[in-house]
Amino acid sequence: MSGRLEFTRKTKEARAIHAGWLCEAIWEGKRCNVELTAGRIEYHHEVEAERGGDNSFDNCRATCIPCHRLLTKAFVQAKAKAERQRAVQLNSTAPATKPLPLGKTDSRKAKIGGGVAPRERAVTKPSLPPRALYININQGKAR
Ligand SMILES: [Zn+2]
């Protein structure tokens with residue numbers, strides 16, 4: 001871990017009471033509000049420690065386990081994206097890797113038990129013509 005500040009037991013208790021024992025995570029403007037019970041409660045850093053967030057009451061959110069997982073995932077993804085963008089700006093993206101011999105992109109494949117065989121590609125079916133947006137119910141009827 002990177003010296004992350006964990007919330008104290010006191011802060012966690014105070015936050016859970018403040019939250020009314022309901023999940024504080026907010027998704028698209030709506031609060032989750034799932035009931036939090038012992039063992040089914042986690043504490044989220046509203047501002048992550050790496051971005052200067054501390055272990056204060058104000059930076060603490062009592063959440064249900066699924067919400068905390070999603071919040072953490074969103075943060076990790078945003079961080080990875082920022083790192084990729086920075087790498088592009090610095091023109092330091094990783095060099096393109098060579099495809100593995102007999103890998104998914106190779107025209108040959110390794111056989112179980114040894115040997116090499118040509119890889120059969122899935123035959124793609126011709127696609128159907130686009131569907132009409134409406135059906136003319138009067139079609140073919142005399143008027
Ligand atoms: Zn929740």
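The paragraphs below lead through three residues of a predicted model: phenylalanine 7, tryptophan 21 and asparagine 33.

Phenylalanine 7 is found in the segment that comes before helix 1, which spans 9-18. Its surroundings hold 21 other C-beta atoms within 10 Å. A residue counts as buried when 20 or more such atoms lie within that distance, and phenylalanine 7 is therefore buried. Leaving aside residues up to four places away in sequence, phenylalanine 7 touches Lys12, Tyr43, Asn55 and Cys60. One of these, Tyr43, falls within the range 42-45 of strand 3. A further spatial relation links phenylalanine 7 with alanine 49: the two are 42 residues apart in sequence, and their C-alpha atoms are 11 Å apart in space.

Beyond helix 1, the loop that leads to strand 1 (26-27) contains tryptophan 21. Around tryptophan 21 there are 14 other C-beta atoms within 10 Å. Because partly exposed residues are those between the limits of 12 or fewer for exposed and 20 or more for buried, tryptophan 21 is classed as partly exposed. The backbone of tryptophan 21 has a phi near 60°, a positive value in a residue other than glycine. Most residues other than glycine have a negative phi.

Asparagine 33 belongs to the loop between strand 2 (30-31) and strand 3 (42-45). With 14 other C-beta atoms within 10 Å, asparagine 33 is partly exposed. Asparagine 33 is not a glycine, yet its phi is positive, at about 60°.

Terms used:
Residues numbered from 1 in each chain as written. Predicted model: local features only at pLDDT ≥ 70, side-chain atom pairs only at ≥ 80, totals over all residues. Helix = DSSP H or I, 4+ residues; strand = E, 2+ residues; numbered from the N terminus. Contact = placed C-beta atoms within 7 Å.
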